[in-house]
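Colleague: Please take one part of this model and look at it closely, and then tell me what else in the backbone deserves a careful reading.

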Amino acid sequence: MYRHAVELGLSGFVCNDASGVLIEVEGHRDLVAQLCRLIADSPPPLAKVASITAWTIPVLGQSGQFTILPSDSKGSPSVPVSVDTATCDACLAEVEDPSNRRYQYPFTNCTDCGPRYTIVIRVPYDRPATTMSRFIMCDLCQREYDDPGDRRFHAQPNACPTCGPSLYYLDPAGNERARRSQALELAVEELEAGGIVAIKGIGGYHLAGDATSATAIAKLRSRKSRDEKPFAVMVQDLATASRLCRIDEVAKSALTSYRRPIVLAPLSDGADALALAAGVAPGLPELGIMLPYSPLHHLLMKRLSRPLVMTSGNVSDDPIAHTDRDALARLGPLVDGLLCHDRTIHIRCDDSVVRATGDGIQVIRRSRGYAPEPLSLGRSALRQAVAVGAE
């Protein structure tokens, strides 16, 4: 809104408050009307405009200046928190560019992508109200954050290798074996050797294993106490997914969306489908498949030339582990190593699961990428009701 108002030559201010975004603007009537249209027609990629309420106030005569004010946290919070979203193409390009200061950095994000819901402690959504508050931005990151022309302008999780979160690798007893890039390499070595690794993602831990290794899958089933229920598989890209499963346009759209759910799709009849260990989805005609959705997952999958089982970090029927202490206590006995990081997950959020059908997407499990986005009934309810899950 700051960018729009400045381009239109309007004065006033914008800030977050407990109810959403508050804008006070002064200028020519037509330009003010144009700003209102831009709110509805050109919101940022992750913004959802639920409603716009406008009213007229006395003219203050403060022409030529538009500012961003500190957030107002007074009142009862009523604004939904944004969902966690998959890494955007611009951030991925930086992660893969050897000349970029975020080259190979597993926590690269911007205003258009990255963690939201899982790191928010309270609203309004500002960095001090997230688990990123302990990471003080370096001068370069702060400059991006303060620059209205930068795509990281007011990106609350903004970070880089100098000032942001970092990886570390633990053995099952909790002893630190490596940090940063060496931690990732140890995890890759363990997975290539047929081991099971607990990997901390955006909303919690996964238990990961080589999806082409019958030995690794049998080990994972035994340790997780999961006899037959199918495992989800992460692959590097859409081309690999298409070799394993029959991916129609609906499934493709879901797989590549910013929500990045697990998509249930029919297994391919080709040899590539047979390369998966039979224990991944025993006796089933379909597979739960997903693409990498964080820089860490992209870096991991690029180093591995095989699909990975990525299943919730828990023993069957328990909640997913999301704190480091809990992960070590509950997952340590199940794994050969833990790939962790020091960005705290405030709210656990498992992978969402959907099925692509002729009528569109059928949501099986509504979680990361969808929660806590509200669902509109499209009509007034006759009474108020609350529905909650098993946890």
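Modeller: Two strands are said to pair if DSSP finds at least two bridges between them. Strands here are DSSP runs of E with at least two residues, helices are runs of H or I with at least four, and both are numbered from the N terminus. The model is predicted, with local features needing pLDDT of at least 70 and side-chain atom pairs pLDDT 80 or more, while totals for chains, interfaces and linings use all residues. Residues are numbered from 1 along each chain as its sequence is written, and side-chain values use heavy atoms, with hydrogens and water left out.

The part I would choose is strand β4, which covers residues 167-170. β4 pairs with strand β12 (residues 337-341) in the antiparallel sense, over four bridges, and within this pairing L170 stands opposite L338 of β12. β4 is also joined by three bridges to strand β5 (residues 176-179), and these two strands again run antiparallel; here Y168 has R179 of β5 as its bridge partner. Strands of a sheet pair through backbone hydrogen bonds, either parallel or antiparallel. The connection from β4 to β5 is a hairpin with five residues between the strands, and in its turn G174 has a positive phi of about 95°.

Which way do the residues of β4 point, and are they buried or exposed? L167 and Y169 point one way from the strand, whereas Y168 and L170 point the other way, and all of them are buried (under 20% relative accessible area, with exposed meaning over 50% and partly exposed lying in between, for a 1.4 Å probe and protein chains only).

β5 ends at residue 179, and helix α5 (residues 180-192) contains R180. The backbone of R180 has a positive phi of about 55°, although R180 is not a glycine, and a relative accessible area of 43% is why R180 counts as partly exposed. R260, likewise not a glycine, has a positive phi of about 50° and is found in the loop between α8 (249-256) and β9. With a relative accessible area of 11%, R260 is buried.

A separate arrangement involves three strands, which form an open sheet in the order β2-β1-β3 with mixed pairing. β2 (20-26) and β3 (66-68) stand at the edges and have a single partner strand each, so one side of each is left without a neighbour in the sheet. Strand β1 (residues 11-17) pairs with β2 in the antiparallel sense, and seven bridges connect them; among the bridge partners, D17 is matched with G20 of β2.

Two peptide bonds also call for a careful look. V123 and P124 are joined by a cis peptide bond with omega about 5°, and P124 lies in the loop between α3 and α4. The bond from A371 to P372 is cis as well, with omega near 5°, and P372 belongs to the segment after β14.

The loop between α3 (89-95) and α4 (139-146) also holds S99, which counts as exposed because its relative accessibility is 66%. S99 and S19 are 80 residues apart along the chain, and their C-alpha atoms are separated by 42 Å.

To return to the chosen part, β4 has antiparallel pairings with β12 and with β5, and its residues L167, Y168, Y169 and L170 are buried.
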